[in-house]
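This briefing covers the nonpolar cores, one sheet and one helix. The points are grouped by topic.

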Amino acid sequence: MARFSSWAMAAFILLLSSSLIHLSSSAEVHPISSDLRRTVVLPLSLSSRHTDGYRHGRRLFHGRELSGKPTARMRLYDNLLSNGYYTTRLLIGTPPQEFALIVDTGSTVTYVPCSSCKQCGKHQDPRFQPELSSTYQPVKCDSQCYCDSEGKQCTYERRYAEMSSSSGVLGNDMVSFGNESELLPHRVVFGCENKETGDLYKQRADGIMGLGRGSLSVMNQLVEKGAVGDSFSLCYGGMDVGGGAMILGSIAPPPGMVFSHSDSHRSPYYNFEMKEIHVAGKPLKLSASTFNGGHGTVLDSGTTYAYFPSRAFVALKDAIIKSITSLRQIPGPDPNYHDICFAGAGWNVSHLQQVFPEVDMVFSNGGKLSLSPENYLFRHTKVLGAYCLGIFKSENDETTLLGGIIVRNTLVTYDRENKKIGFWKTNCSELWKTLQEADSSTPADLVPRRHNTSLVMPPVEAPSGLPAINFSRNVVLITFEMSFYLKDTSTMLNFTEFADLISHELEINASQVQLLNFTQKGNYFFLTCAISPAKFKKNIPDSMVMSIILRLRDHKVQFPQRFGSYKLVKWSTQIAKKQTWWHQHLLAVVISATIVVFLSLLSFGIWFAWRKKRLPEVVYQPVDADATFPEQELQPL
């Protein structure tokens with residue numbers, strides 16, 4: 001995939017397709033447009049254990065809902081740089097079929113591969129099967145949409161600036177947002193793909209979840225139904241961490257959130273008003289209109305990096321280089337691109353602020369968002385302790401495009417109702433835990449770690465063909481197989497540290513984790529592991545068994561970005577072998593026998609002493625030496 005694609009090409013396609021757009025109040029339409037989605041993928045990083053620069057002194061966020069409407073709290077998975085995107089899990093149909101969808105604020109339609117697709121790539125989950133859903137309904141063809149070849153069903157088509165495309169038919173079905181969301185399932189119009197090209201065909205994710213401004217957007221449909229407030233929030237994990245959280249619906253902004261006006265009439269993308277940029281406290285010498293050209297300053301979750309107009313990029317690059325005195329400049333990891341990289345900064349992300357300057361984005365209303373080094377740098381994949389600038393120059397375009405790297409560890413609220421976008425620096429990897437703590441109710445399918453093991457735990461349905469979580473008690477071993485997908489197979493994974501990583505995420509001791517087998521098939525790495533009871537324990541607590549399997553199955557375990565994306569392939573549990581009566585009671589028998597022998601010896605000793613005490617004493621008199629006896633002579637024979 002190219003490092004970046006031309007906004008001019010996207011604008012041309014958008015202009016060309018705008019004449020073909022037909023809108024309908026029922027959202028059953030077929031708009032052909034060019035949703036700009038720039039997902040840029042780099043080789044996997046050779047970083048070591050992740051270090052979270054915001055782990056200490058983190059601020060808490062309680063996520064209070066506004067106007068009494070429920071919210072959909074959803075997890076984000078994958079990693080921005082290793083995958084090029086973040087995904088969330090969406091369930092479609094009855095019974096639900098689960099999919100991993102790229103969260104994209106620049107797209108206005110949600111789509112998944114259809115079972116009838118003749119040109120769809122191999123993705124993370126099985127294709128959607130409409131015939132298996134009892135609630136699926138095709139969007140019937142009418143004058144408001146483009147019809148299929150049979151003239152029965154509405155169709156859609158999406159073309160992206162990097163020359164990938166998706167096309168298919170429109171369907172209507174029940175969409176669920178996960179068991180951890182309080183938002184009930186709702187009917188949503190979505191695309192069922194029949195053809196994929198370009199990067200959409202190659203990517204591991206199943207499809208796209210469109211959050212942009214448009215009638216087919218998931219947000220637009222939910223808002224029109226009155227299901228949620230007209231706002232949503234995204235929070236991306238920091239460098240080497242990945243993951244994050246997404247909230248569909250209105251929440252109370254946390255104290256200190258900085259807002260900027262967003263003009264929905266200017267462009268279909270989420271823009272805000274950026275006035276100037278400061279590097280190390282000094283403003284760049286640029287005119288106030290620098291960041292107002294083209295579509296303005298656009299925030300796009302489907303874009304990996306940031307792209308500035310030429311004069312803004314040069315000024316920012318020179319200011320950063322000038323402020324760095326202790327590092328040396330080195331070539332980038334890819335000779336095809338002229339990356340600006342620096343060596344000698346070390347591995348600890350929290351120490352980058354000591355050598356790299358702080359960059360401030362100043363809004364037109366005077367608000368300011370401070371960017372730490374992880375918000376504009378990415379790790380060099382070939383030189384240890386080196387970092388490269390994650391901001392590039394836009395070719396022949398005046399639009400300022402800000403991708404996901406800019407808002408790592410930042411809660412971004414897209415307040416569409418009030419036409420503003422809010423920014424709040426926080427630890428996104430901890431945000432989900434905070435949201436769970438703030439919610440007094442516990443999800444039905446999650447069992448707390450300190451759960452009462454005397455309670456009965458019902459089976460939990462598993463996605464993607466995995467067995468239901470139903471196990472016998474007295475588990476002495478958990479065996480599971482995981483697959484890791486790497487786009488760059490030249491980067492060899494070091495699984496020797498896997499025991500430390502998995503034990504840290506599952507909150508168990510590293511001595512409990514055993515690596516059993518490791519194989520590689522193309523871009524996939526398969527790892528088989530086992531988890532045994534803790535030291536001096538006979539078995540693994542039932543609540544811990546449930547927690548471990550749920551975390552692995554639901555992608556709640558976060559690995560460094562060099563491990564790519566993972567999936568739980570299969571798992572099993574082993575219970576203690578049934579013992580005979582003698583094995584179960586051997587110790588008791590030995591102890592009882594010992595006590596009996598001891599008591600017998602003690603009783604004998606007491607009896608012997610008592611008997612000896614009862615016998616009378618006999619005094620022997622010596623023979624009197626003075627006594628005389630008559631001597632008798634022996635008679636002869």
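Which residues have the most contacts inside the largest nonpolar core? In this predicted model, they are F177, L248, F308 and F356, in a core of 87 residues.

**Nonpolar cores**
- Helix α5 (residues 310–323) supplies the largest share of the 87-residue core, with four residues.
- Leaving aside residues up to four places away in sequence, F308 touches I277, F291, F313, L316, I391, F392, K393, S394, T400 and L402.
- A second core, separate from the largest one, has 28 residues, including L501, I531, I540 and L568.

**Six-stranded sheet**
- Six strands form an open sheet with antiparallel pairing, in the order β2-β12-β11-β27-β28-β13.
- The edges are β2 (72–76) and β13 (258–261); each has a single partner strand, so one side of each is left without a neighbour in the sheet.
- From one strand to the next, the twist averages 15 degrees.
- Within the order, β11 (residues 231–236) and β27 (residues 410–415) run antiparallel and are joined by five bridges.
- F232 has Y414 in β27 as its bridge partner.

**Helix α7**
- Seven of the nine residues of α7 (residues 498–506) are buried, leaving the helix mostly covered.
- Those buried residues are F498, A499, L501, I502, S503, E505 and L506; of these, L501 is also among the residues of the second core.
- The buried residues of α7 pack against three strands, β29 (475–485), β30 (513–521) and β31 (524–531), and against helix α8 (542–553).
- E507, just after α7, takes a positive phi of about 60 degrees.

Methods
Residues are numbered from 1 along each chain as its sequence is written. This is a predicted model: local features need pLDDT of at least 70, side-chain atom pairs count only at pLDDT 80 or more; totals for chains, interfaces and linings use all residues. Side-chain values use heavy atoms; hydrogens and water are left out. A nonpolar core is a set of buried Ala, Val, Leu, Ile, Met, Phe, Trp, Tyr and Cys residues joined through side-chain atoms within 4.5 Å. Buried means under 20% relative accessible area, exposed over 50%, partly exposed in between (1.4 Å probe, protein chains only). Helices (H or I, at least four residues) and strands (E, at least two) are DSSP runs, numbered from the N terminus. Contact means heavy atoms within 4.5 Å. Two strands pair if DSSP finds at least two bridges between them. Axes are lines fitted to C-alpha atoms, for helices over the stretch in contact, and angles run from 0 to 180 degrees between N-to-C directions.
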